[in-house]
Amino acid sequence: MARPDRTERPSPRDTAAVPLPRIPRTAALCGTLAALLAAPLLAAPSASASPGPPEGGCPTAADAPPKRQMRAEWIASVVNIDWPSEPGLSPDEQRRELDALYDQAQADGLNAVFVQIRPTADAFWPSPHEPWSEWLTGEQGRDPGYDPLAYAVEEAHERNLEFHGWFNPYRVAMHDDPGRLTGDHPARENPDWVFSYGGRLYYDPGVPEVREFVVEAMMDAVENYDLDGVHFDDYFYPYPSGGQELPDTDTFAEHGRGFDDIEDWRRDNVDLLVKEMDQAVHAAKPHVKFGISPFGIWRNASSDPEGSDTSGFESYSGIYADSRRWVREGWVDYINPQVYWEIGLSVADYAVLVPWWAETVEGTGVHLYIGQAAYKAGNDGAWSDPQELSRHLDLNREHPEVLGDVYFSATSLQTNARAAMDRVVEDHYGSPALVPVKEDLGGRAPWRPRVVDAEPGEDGTELTVRPHWHSSPTYYAVYGFDGKPNPHDRWCGLKDPRNMIGTVRASDEGETVFTAPDDDGGRTYYVTALDRLHHESRAAMRYVP
């Protein structure tokens, strides 16, 4: 069942003052001149001579965790599941609540948050298309007194958490009374766009104007805020309710586009939204990732030989979500299936579905993150064992296509799932992790930074880092080793995340200070610079005697 509702490199500075070598102007030396002039643009200069990597490369420790993993949580706003915890809180109260969720995410070793900012055809920002969300103030359309999305993005980035804006495309209201919507709500102004089903209101996915409108409404946030990702959940057509038929036969008759089968037409409507949103996001901001968290079962093998060896609800026929096709067509940058079942469950075994999804993404370039049912932790059966979630991650390690996990949801990680998450942290998140690189989105590693100072502070050694003059990194990663500099550490130790102390967002002021805790001296630090798509530079070194 579904979960509850719930780069471009900056321009370099002026280089006029940098002297170029004097080279005779002869035709024979033209190629040499071109190479010398181009060289600074290709690789950062070395801070000092050092031996190269060991012959044969660096061996990987068998027990080393992945250096790159998506580690995220969903923060749901609909019906105040996570944030805000209730409607009508003051701006300061809402900010404090979000700060606490982010701080706990950091403490748990997470590196991203998926925050619901358009839960019911409304907005957590001053949208020109839709009203302020009722989940902020208790009254749809009422200004909350600040910009929640701007604050949410800024504070996530302050903690070096990726921010993925989570949108629900078609849900209009958690009730079925259009009269309760604001008077200027698009659903009231265009009643032919909307149908009622299962006690709720939805935009009709079969109306072309609806699809155009919802893309435009969501793209307003993409264009005007510094999002790292755009995220859809599993709600497209509504889940079946009490045997009720979807009231869209008239829409099919008017907008059927030549389809003979209404179910194929519905799937095509969803496909069109996915494809058009993918195109719109990357046309506006090529670095922003687009991903979807579909229901965990595409089709059962009994329905389609390409399906999984399961016997549960199928998203393909139940909500017309052809998630396998989105992967195969490359319409998403990542797929994040909600595999919300325990290992060994006969109808939907976690140990069956994860390999199926791993095979589905293999060779596509689409990243695979697994949706984890933290809201079930502490319940009866297998979920009463705090080790269940940790065992899921053990199994994931057997499939290199799995690049991370996302937990539903933030409140559960602080309440019923706390013991289970403590085990995950102990077993899997003891070291920081960098977000996986999506190579086809562009970007490039910044130039190597400089560690210009190292001074004792109240909480440890304060390392002052400056970017190379030709580079503007998004953040830095810091690694620490006992003893004096060692070539093995420079070339191989940085590949093991257990040597990573942490990451820190690069300051706009030029200098960034990172505090390395528990340092009594006699340690060597390496600092790398990363762009917003997580390409990592070569390392700068500082020994602290």
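Helices and strands are taken here as DSSP runs, with at least four residues for a helix and at least two for a strand, numbered from the N terminus. With that in hand, N80 can be placed in the loop between β1 and α2. The model looked at here is a predicted one. Its N80 is a bit unusual in the backbone: phi is near 55°, a positive value in a residue other than glycine. Most residues other than glycine have a negative phi, and most peptide bonds are trans. N80 is also buried, its relative accessible area being 10%.

Stepping back to the whole protein chain, there are 15 helices and 18 strands to keep track of. Of the 545 residues in the protein chain, 56% are buried. About 22900 Å² of surface is exposed, and 48% of that comes from carbon and sulfur atoms.

The loop that holds N80 has another backbone feature to offer. P84 also sits between β1 (70-75) and α2, and the peptide bond joining W83 to P84 is cis, with omega at about -15°. A second cis bond runs from F408 to S409, this time with omega near -5°. S409 belongs to the loop between β11 and α13 (410-414). As for positive phi, Y320 joins N80 on the list: its phi is about 60° although it is not a glycine. Y320 lies in the loop between α9 and α10 (323-329) and is buried, at a relative accessible area of 7%.

Y320 leads straight to S315, which touches it along with F295, I297, W298, A321 and S323, leaving out residues up to four places away in sequence. S315 itself is in helix α9 (residues 315-318). With a relative accessibility of just 1%, S315 counts as buried.

Now for the aromatic rings. A pair of aromatic rings is described by the distance of the centres and the angle of the planes. The count comes to 26 aromatic pairs. In one of them, W193 and F213, the ring centres are 5.5 Å apart and the planes make an angle of 45°, so the pair is tilted. W193 is in the loop between α5 (186-189) and β5 (194-197) while F213 is in helix α6 (residues 208-224), so this pair ties together parts that are 20 residues apart in sequence. Both partners are tucked away: W193 is buried at a relative accessible area of 12%, and F213 is buried at 11%. Y235 and Y239 make an edge-to-face pair instead, with 5.5 Å from centre to centre and 70° between the planes. Y235 and Y239 are both buried. Elsewhere, ring pairs link W74, F114, Y334, Y340, Y369, Y375 and F408 into a cluster. F408 is thus a residue met before, at the start of the cis bond to S409.

Some rings also have a charge sitting over them. Y235 is one such case, with the charged end of R171 placed over its ring, 5.3 Å from the centre. Another is Y151, where R95 lies over the face at 5.8 Å from the ring centre. Y151 turns up again among the contacts of D99, which also include E155 and R159 once neighbours within four places in sequence are set aside. D99 is found in helix α2 (residues 91-107), and its relative accessibility of 18% makes it buried, as the cut-off is under 20%. The C-alpha atoms of D99 and A152 are 8.7 Å apart, although 53 residues separate the two along the chain.

Helix α12 (residues 388-396) is mostly covered, with seven of its nine residues buried. The buried ones are E388, L389, S390, H392, L393, L395 and N396. Their cover includes α11 (350-361), β10 (367-372), β11 (402-407) and α14 (418-428).

Finally, the strands. Strands of a sheet pair through backbone hydrogen bonds, either parallel or antiparallel. One open sheet has four strands in the order β15-β14-β17-β18, with antiparallel pairing. Its edges are β15 (500-505) and β18 (540-544), each pairing on one side only. On average, neighbouring strands of this sheet are turned by 20° against each other, direction ignored. Within the sheet, β14 (residues 475-482) and β17 (residues 523-530) run antiparallel and are joined by eight bridges. D482, for instance, has R523 in β17 as its bridge partner.

Conventions: Residues are numbered from 1 along each chain as its sequence is written. This is a predicted model: local features need pLDDT of at least 70, side-chain atom pairs count only at pLDDT 80 or more; totals for chains, interfaces and linings use all residues. Side-chain values use heavy atoms; hydrogens and water are left out. Rings of Phe, Tyr and Trp (its six-membered ring) pair if their centres lie within 6.5 Å; planes under 30 degrees apart count as stacked, over 60 as edge-to-face and the rest as tilted. Buried means under 20% relative accessible area, exposed over 50%, partly exposed in between (1.4 Å probe, protein chains only). A charge sits over a ring if NZ of Lys or CZ of Arg is within 6 Å of the ring centre and within 35 degrees of the ring normal. Accessible areas come from the Shrake-Rupley method with a 1.4 Å probe; for residues, only the protein chains shown count as cover. Two strands pair if DSSP finds at least two bridges between them. Axes are lines fitted to C-alpha atoms, for helices over the stretch in contact, and angles run from 0 to 180 degrees between N-to-C directions. Contact means heavy atoms within 4.5 Å.
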